[in-house]
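Work through the exercises below with the sequence and the 3D view open. Try each task before reading its solution.

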Amino acid sequence: MHYFPTEKFTTNTYTAYFLAPLGEKSAPLATLLSKVLKKGSAAYPSQEQIVKRAEELYSSHVVSGVTKIAESQAFFVSLSALDNRFAFDGTDIATESVSFFASLLLEPLLRDGVFLEETVEREKKALLDRILSKINNKGAYAMQRCREIMFENEAYRFSIDGSREVVESVTPAELYSAYRDWLDNAPIEIFYIGKESFSSVFARTEHLFKGFAPRKAFSSHTEIRPSVNGVKRVTESADAVQGKLVMGFRAPTIASDKDFFALYLLDAVYGSSPVSKLFMNVREKLSLCYYCSTMCDLDKSVLFVSSGVENESAAAAEKEILQQLSEIAEGNITDKELLCAKASLSDYLRSIDDSPYSVERFMLTQALRESSYFPNDYIERLDQVTKEDLMRVASTLSLDTVYFLEGTAKGVSADE
Amino acid sequence: MNNCSVLKDEVSGESYTSFTHASGVAVYVYPKRLTTSYAMFGARYGSLERTFRLTGEEWLTVPDGVAHFLEHKLFEEEDGSDVFERFAALGASANAFTSNELTCYLFSTTASVYEPLKELISFVMRPYFTEQNVKKEMGIIGQEIDMYDDMPYSRLNQATLEGLYSTHNIRVNIAGTKETISHITPEVLYRCYNTFYHPSNMVLTVVGNVEIERVEGILDEFFGTEKKAPLEVERSYPEEQSEVGKEYTEFSMQVAKPLLSVSFKDEINGLSTKEKQRHAYAVHILLKLFFSRSSAFYNDLYRRGLITDSFSPVYEWLDSCAHTVIFAESDLPNEVFEAIESYMSSISSEMLDISDFNRVKRALYAENIKTLDSTEDIAYNLTDAAIHGLTLWDAGEAIRSVSFEEIQLLADTYFKNKHLVRVLIKPSEA
């Protein structure tokens with residue numbers, strides 16, 4: 001259990017993360033489970049009753065879901081409840097919200113020992129709808145397609161929502177056995193963030209997880225692959241005005257701490273900070289797109305560039321995106337760019353303790369990396385990264401996949 | 001410091017100071033013990049201002065999208081230096097947005113707030129527009145417009161506003177269209193700038209690790225300590241008719257499922273701003289009771305598979321207009337239209353229970369307190385309250401003061417005899 005005492009917030013937050021390797025079926029099963037648990041419990045048999053109880057407890061939020069961390073997945077359940085000092089009618093929000101939370105997680109609504117068939121079927125349909133609706137957000141859709149293509153033989157391609165075929169095949173009994181498996185066997189990381197004393201939080205969590213058998217700590221396995229020969233290129237079309245370009249790179253040689261922090265900083269210099277090379281050149285100087293930024297997964301050692309571009313500018317944008325990476329590899333990085341990227345990451349890292357969610361996500365990632373760094377350790381290590389480190393890491397990045405979602409619609413605004 | 005006052009909240013015990021600087025800038029300083037500090041410097045100027053003049057000058061009607069265009073262009077400096085980079089070097093991150101009523105420039109930082117604050121004020125107060133840099137921006141903003149045009153909910157919202165209003169400027173897309181922004185020139189931008197970016201039309205909010213005296217010192221240094229007269233700006237708006245813009249709109253785009261909205265206008269013209277805010281919270285409670293996830297209606301439609309969890313009742317108000325919208329996603333949009341319409345006509349106070357009211361009111365009270373956990377939320381809410389002449393604490397007070405009797409009365413009248421506007425987005429043929 002991770003206890004993070006702070007006087008900063010008006011709320012107390014408890015989160016339990018159940019960990020497992022990312023799987024083609026286990027991920028959508030966990031996603032469905034996170035939905036089904038919030039649709040009814042033994043004590044609150046309908047969604048309506050659950051929401052009403054949460055409102056009664058000063059709008060206590062119970063959030064459940066699945067998060068993907070490289071090639072691991074975490075099924076999580078989280079409670080965020082207003083601190084007792086704001087209860088104008090003397091309600092003991094802290095105690096009552098934890099037992100509400102426990103009843104949703106541990107005492108689900110069952111019939112014949114499994115989840116209700118109608119609930120499971122409804123949530124399957126809702127999830128299938130969501131899978132279909134991904135096309136509504138063209139940027140996220142293009143990113144997902146790029147991943148599927150780039151990692152066609154790696155677990156990394158699995159999305160937490162799963163594929164249509166997999167979701168359709170889920171049965172209530174199967175979902176219930178997945179639920180039992182999470183509760184009975186999965187390694188758990190528990191977080192508390194708020195102002196309650198350690199002993200009181202400890203007592204509450206002890207009580208909550210009293211029936212749980214001891215289990216091993218989680219060890220995550222993410223495969224880091226060398227780049228394949230040749231670049232995969234796929235172009236698909238969408239009924240959209242703007243095209244979306246996603247380029248996936250691999251950095252297969254990131255093994256040491258030193259390279260890890262160099263890649264972290266490279267991401268900022270290249271495309272994730274507000275003054276990155278991509279923003280300043282591809283968007284600001286050349287106006288080739290409205291957005292152009294990078295997203296790096298340090299645990300998988302991959303980096304994606306995504307950009308919204310007009311069809312006719314896509315080739316020019318791609319060329320410029322690669323050009324900016326060569327600039328870094330050749331050492332064309334100003335002191336100012338280096339300083340700004342470091343300042344921007346430090347600012348982000350320092351702000352982590354302003355949000356319970358960011359705190360627990362940072363600590364969870366550390367646990368999965370089997371590292372015990374705090375944000376300040378990151379700041380120190382990033383500060384030591386040199387221009388030469390960036391050049392070295394940039395030159396190891398190799399382009400694996402270029403995905404372009406071509407827009408085939410004409411503008412609406414111009415016609416009106 | 002003029003009109004300096006400390007405003008304290010009885011529930012949280014937190015407080016902030018407001019004063020008017022000699023230059024005319026309205027200032028709000030909220031010391032808060034979080035790591036991130038947040039500052040916003042805004043002009044009371046947004047997409048609603050299309051026709052205006054300085055007293056004594058000619059009336060001017062500007063192309064749609066000017067306020068937003070101006071926001072982009074203020075980041076351009078005469079010496080070619082980059083504003084974002086200067087903030088980044090100070091460990092701060094800058095941004096801006098334009099709404100119907102406000103153009104706001106902002107930064108957040110975990111380092112000292114004062115250096116970036118000087119930057120914020122000076123770049124906003126230093127316009128530089130040329131033929132060339134205006135032309136270049138048309139490309140970037142054109143792509144921003146394309147991006148929003150590809151977003152189904154953005155299109156649904158826009159069509160809803162155009163359906164609801166026949167003439168009100170809220171119909172106008174904040175970014176304009178590619179056609180309207182092509183008429184923007186440096187002269188137009190300077191006219192708008194000189195009219196609306198006068199210190200007396202500006203609001204400065206700083207939340208976090210901050211002292212009032214140092215903020216005042218920065219303003220003194222920049223604007224001087226001599227009292228400046230406010231600019232007299234006359235604004236002209238088309239008179240909104242009681243009828244709607246378009247009862248039914250239907251179009252298609254690439255969406256997985258049909259998306260729809262049902263909406264109607266609210267009449268708030270006779271109310272003071274404080275009354276409008278109170279009314280808004282009363283309607284909010286009403287919508288939560290009848291349309292939220294804890295309502296029988298939502299759960300019935302959800303169980304029948306008519307709607308998905310993308311279902312949201314929304315109440316939006318500006319000084320000059322207000323409306324209620326229900327957004328939904330459904331394979332059977334016509335059945336949902338009908339269900340919402342017939343449900344609305346059936347709603348009455350007899351369906352209400354005081355325990356439901358207390359529960360919903362309590363949830364709203366708690367949500368309002370939780371906004372104090374983020375300097376960003378505080379800065380947004382404080383700035384928004386300030387431009388409407390409200391304090392940050394008025395929201396909590398309004399929520400606490402709403403009574404069951406009031407909601408009963410509202411339940412009997414609010415949904416009755418409304419001119420409903422419907423919008424439907426159908427999936428385009430693959």
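The exercises that follow concern a predicted model.

**Exercise 1. A pocket and its lining**

Task: Find which residues are the closest to the centre of the second largest pocket, and which elements give two or more residues to its lining.

Solution:
- Step 1. The second largest pocket has a volume of about 1,200 Å³.
- Step 2. It is lined by 40 residues, and the closest to its centre are Lys68(A), Met295(A), Cys296(A), Asp297(A) and Tyr348(A).
- Step 3. In chain A, the elements that give two or more residues to this lining are the strands E3 (61-69) and E10 (289-297), together with the helices H5 (138-150), H9 (257-272), H12 (335-351) and H13 (356-368).
- Step 4. Sorted by residue class, the lining of this pocket has 19 nonpolar, 11 polar and 10 charged residues.

**Exercise 2. Strand E3 and its sheet**

Task: Place E3(A) in its sheet and state what E3(A) pairs with.

Solution:
- Step 1. Five strands of chain A make an open sheet in the order E1-E7-E2-E4-E3, and the pairing is mixed.
- Step 2. E3 of chain A is an edge strand, as is strand E1 (2-5); each pairs on one side only.
- Step 3. Direction ignored, neighbouring strands of this sheet are turned by 15° against each other on average.
- Step 4. E3(A) runs antiparallel to strand E4 (residues 72-82) of chain A, and 9 bridges join the two.
- Step 5. As a point to locate by eye, Val66(A) stands opposite Phe75(A) in E4(A).

**Exercise 3. Strand E10 and its hairpin**

Task: Describe how E10(A) and E11(A) are connected and paired.

Solution:
- Step 1. E10(A) pairs with strand E11 (residues 302-309) of chain A over 8 bridges, in the antiparallel sense.
- Step 2. The two strands form a hairpin with 4 residues between them.
- Step 3. In the turn, Ser301(A) has a positive phi of about 55°.
- Step 4. Across the pair, Cys292(A) stands opposite Ser307(A) in E11(A).

**Exercise 4. Two cysteines**

Task: Decide whether Cys296(A) is buried or exposed, and how far away the nearest cysteine sulfur is.

Solution:
- Step 1. Over all chains, the structure holds 0 disulfides.
- Step 2. For Cys296(A), the nearest cysteine sulfur is that of Cys146(A), 14 Å away. A disulfide needs two cysteine sulfur atoms within 2.5 Å.
- Step 3. Cys296(A) counts as buried because its relative accessibility is 18%, and the cut-off is under 20%.
- Step 4. Cys192(B) is in no disulfide either; its nearest cysteine sulfur, that of Cys104(B), is 18 Å away.
- Step 5. Cys192(B) has a relative accessible area of 0%, so Cys192(B) is buried.

**Exercise 5. A strand with two faces**

Task: Sort the side chains of E7(B) by the face they point to, then find the pairing of E7(B) with E8(B).

Solution:
- Step 1. In a regular strand, side chains alternate between the two faces of the sheet.
- Step 2. In strand E7 (residues 92-98) of chain B, Ala92(B), Ala94(B), Ala96(B) and Thr98(B) point to one face and are buried.
- Step 3. Ser93(B), Asn95(B) and Phe97(B) point to the other face and are not buried.
- Step 4. E7(B) and strand E8 (residues 103-109) of chain B are antiparallel, paired over 7 bridges; they form a hairpin with 4 residues between them.
- Step 5. Ala92(B) has Thr109(B) as its bridge partner in E8(B).

Key. Residues numbered from 1 in each chain as written. Chains lettered and ligands numbered in written order. Predicted model: local features only at pLDDT ≥ 70, side-chain atom pairs only at ≥ 80, totals over all residues. Heavy atoms only, no water. 1 Å grid on protein atoms, 1.4 Å probe; cavity = no way out; pocket = protein on both sides within 12 Å on 5 of 7 lines; lining within 4 Å. Points joined across faces, edges and corners; volume = space filled by probe spheres on them. Nonpolar A, V, L, I, M, F, W, Y, C, P; charged D, E, K, R; others polar. Buried < 20%, exposed > 50% of the residue type's maximum accessible area, 1.4 Å probe, protein only. Pairing = 2+ DSSP bridges. Axes fitted to C-alpha atoms, helices over the stretch in contact; angles between N-to-C directions.
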